[in-house]
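The exercises below go with the model shown next. Each one sets a task and then works through it step by step.

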Amino acid sequence: MTISRSVPMTQSLKNAVSAAVLTAILTIPILGLQLKLEGYRVVLEPHWRPVWLAVAAVFLFQLFKPLITRGTSAVRLPALPTLAPGQQRTAVWVLLAVGLIWPFFGSRGAVDVATLALIYVMLGLGLNIVVGFAGLLDLGYVGFYAVGGYTYALLNQAFGLSFWECLPISAGMAALFGFLLGFPVLRLRGDYLAIVTLGFGEIIRQLLNNLTSLTGGPDGIYGIPKPTVFGIPMTRSAAEEGGRTFHDLLGLDYSGEHMVIFLYLLALLLVGMTLFVSNRLIRMPMGRAWEALREDEIACRSLGLNPTRVKLSAFTLGATFAGVAGAFFAARQGLVNPESFTFIESALILAVVVLGGMGSQLGVILAAVLLTVLPEVARGFAEYRMLLFGLVMVLMMMWRPQGLLPASRPHVELPQ
């Protein structure tokens with residue numbers, strides 16, 4: 001009896017030591033050694049505290065893992081919340097109504113963060129069409145986002161077009177790129193599809209970096225104007241002599257908060273349009289075709305559906321929403337550069353879809369808000385943001401693989 005107990009303990013100790021050594025090897029270059037600029041010299045500055053904390057946490061977890069597993073085996077996690085389609089639509093309408101009133105009571109910084117969250121909501125809803133409904137893994141979605149932003153910036157700089165004139169053009173250009181990307185990936189599935197789309201996103205970023213004469217290279221494009229209210233600028237003074245500004249028209253004193261609130265409300269309007277269009281598409285035969293493709297491509301073909309058209313429609317429509325979000329992002333920031341469209345952005349948007357629940361629009365909205373707001377709240381942990389982000393995703397895959405609010409699938413059960 002003593003031998004049977006000591007053997008698992010010895011094995012756990014070996015596993016804990018090996019896991020701790022591997023953790024030290026991985027974390028020393030990332031967390032333990034940091035570059036620091038002293039005058040004109042770059043020196044390597046050691047930071048051992050986060051390394052020892054990570055090593056100790058992994059060692060203790062692996063050492064006591066059998067006890068933890070034995071203690072939690074009898075614990076049942078609460079059931080996943082499942083809302084009917086009607087309840088989800090009601091919840092979305094409630095969120096939109098609260099969001100419409102909230103900026104008039106929130107602080108300027110909070111409204112600005114909420115505007116960024118709404119951009120990720122748009123991106124998440126667009127990628128949800130490709131990944132959640134059509135089942136196509138896209139790791140280069142940020143490329144369409146970049147196309148939309150640069151389209152507005154280039155058209156404004158070259159031809160002086162306004163935001164409202166460039167918005168449909170940005171959506172159309174992103175849709176065109178999505179349609180062109182669809183052709184090379186028609187015969188690809190799974191990991192191969194992910195690799196090709198990842199390469200597409202990196203190609204777009206490298207082109208933006210290298211086409212200096214057109215895109216400004218690494219510096220990007222600056223001086224992009226903000227949107228106007230039906231042609232009336234929300235600036236302190238009118239650009240043209242005799243022109244009127246928004247606060248003059250309403251008889252108000254100028255305040256920078258007016259533009260912040262207007263950008264938030266505009267983002268909320270674009271999110272509402274995205275929700276409306278995607279909801280209509282899901283209920284149409286096109287949406288049913290996406291779901292059939294996701295479940296089984298061979299069965300989809302046997303039903304008389306053309307997988308080529310289904311894939312192209314998913315890529316094109318998903319890219320359209322990314323183009324709209326990109327144009328709004330360029331207008332909000334006033335500048336665009338390639339560093340705003342890295343692979344990390346694609347991973348974050350994909351994490352929004354997976355965390356919220358693939359195919360669940362309400363879940364995507366909640367996940368986008370959480371992943372945008374929480375890092376702003378916990379600024380003291382900014383150095384460990386990606387570490388905590390990865391930990392949360394691992395825990396979600398272990399205990400909530402269907403996401404925060406999984407989509408309710410219609411199903412039929414045969415009587416016993």
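**Exercise 1.** The side chains of which residues meet in a salt bridge at 2.9 Å, N to O?

Solution. The model is a predicted one, in which local features need pLDDT of at least 70, side-chain atom pairs count only at pLDDT 80 or more, and totals for chains, interfaces and linings use all residues. Residues are numbered from 1 along each chain as its sequence is written, and side-chain values use heavy atoms, with hydrogens and water left out.

Step 1. Apply the criterion: a salt bridge is a side-chain nitrogen of Lys or Arg within 4 Å of a carboxyl oxygen of Asp or Glu. The pair that fits is Glu202 and Arg205, at 2.9 Å from N to O.

Step 2. Place the pair in the chain. Glu202 and Arg205 are separated by about one helical turn, because they are three residues apart in helix 8 (residues 190-210). Helices (H or I, at least four residues) and strands (E, at least two) are DSSP runs, numbered from the N terminus.

Step 3. Assign burial. Buried means under 20% relative accessible area, exposed over 50%, and partly exposed in between, with a 1.4 Å probe and protein chains only. Glu202 has 25% and is partly exposed, while Arg205 has 17% and is buried.

**Exercise 2.** State how many salt bridges the structure holds, and describe the remaining pairs.

Solution. Step 1. The count is three.

Step 2. Arg332 pairs with Asp112, with their closest N and O atoms 3.2 Å apart. This pair joins distant parts of the chain: Arg332 belongs to helix 14 and Asp112 to helix 5, 220 residues apart. Arg332 is buried, at 12% relative accessible area, and Asp112 is partly exposed, at 35%.

Step 3. Arg294 and Glu295 meet through their side chains at 3.0 Å, N to O. Glu295 counts as exposed, with a relative accessibility of 58%.

**Exercise 3.** Identify the largest nonpolar core and the residues with the most contacts inside it.

Solution. Step 1. A nonpolar core is a set of buried Ala, Val, Leu, Ile, Met, Phe, Trp, Tyr and Cys residues joined through side-chain atoms within 4.5 Å. The largest such set has 93 residues, and Leu123, Phe328 and Val336 have the most contacts inside it.

Step 2. Helix 5 (residues 108-133) gives this core its largest share, 14 residues.

Step 3. Take Val336 with contact meaning heavy atoms within 4.5 Å. Beyond its neighbours within four places in sequence, Val336 touches residues including Tyr150, Ile221, Phe329 and Phe341.

**Exercise 4.** Locate the nonpolar patch on the surface and say which strands supply it.

Solution. Step 1. Patches are made of residues with over 30% relative accessible area and no salt bridge; like charges are joined within 9 Å, and nonpolar side chains (Val, Leu, Ile, Met, Phe, Trp, Tyr) within 5 Å. Leu33, Leu35, Leu37, Val42, Leu44, Trp48 and Trp52 form the patch, and together they have about 800 Å² of accessible area. Accessible areas come from the Shrake-Rupley method with a 1.4 Å probe; for residues, only the protein chains shown count as cover.

Step 2. Strand 1 (33-38) and strand 2 (41-46) each contribute at least two residues. The largest share, three residues, is from strand 1.

Step 3. Check one member. Leu35 is located in strand 1 and is exposed, with 67% relative accessible area.

**Exercise 5.** Summarise the chain and say where its coordinates deserve caution.

Solution. Step 1. The chain contains 17 helices and four strands. Of its 416 residues, 42% are buried. Among contacts with a separation of 6 or more, 75% join residues 24 or more positions apart. The exposed area is about 23,600 Å², of which carbon and sulfur atoms supply 67%.

Step 2. pLDDT is the predictor's confidence in each residue, from 0 to 100. Its average over the chain is 81, and 84% of the residues score at least 70. By element, the mean is lowest in helix 10 (residues 246-250), at 62, and highest in helix 6 (residues 142-159), at 92.

Step 3. Over residues 1-7 pLDDT stays under 50, and the model has zero contacts beyond four places in sequence for them. Where pLDDT is low, the predicted coordinates should not be read in detail.
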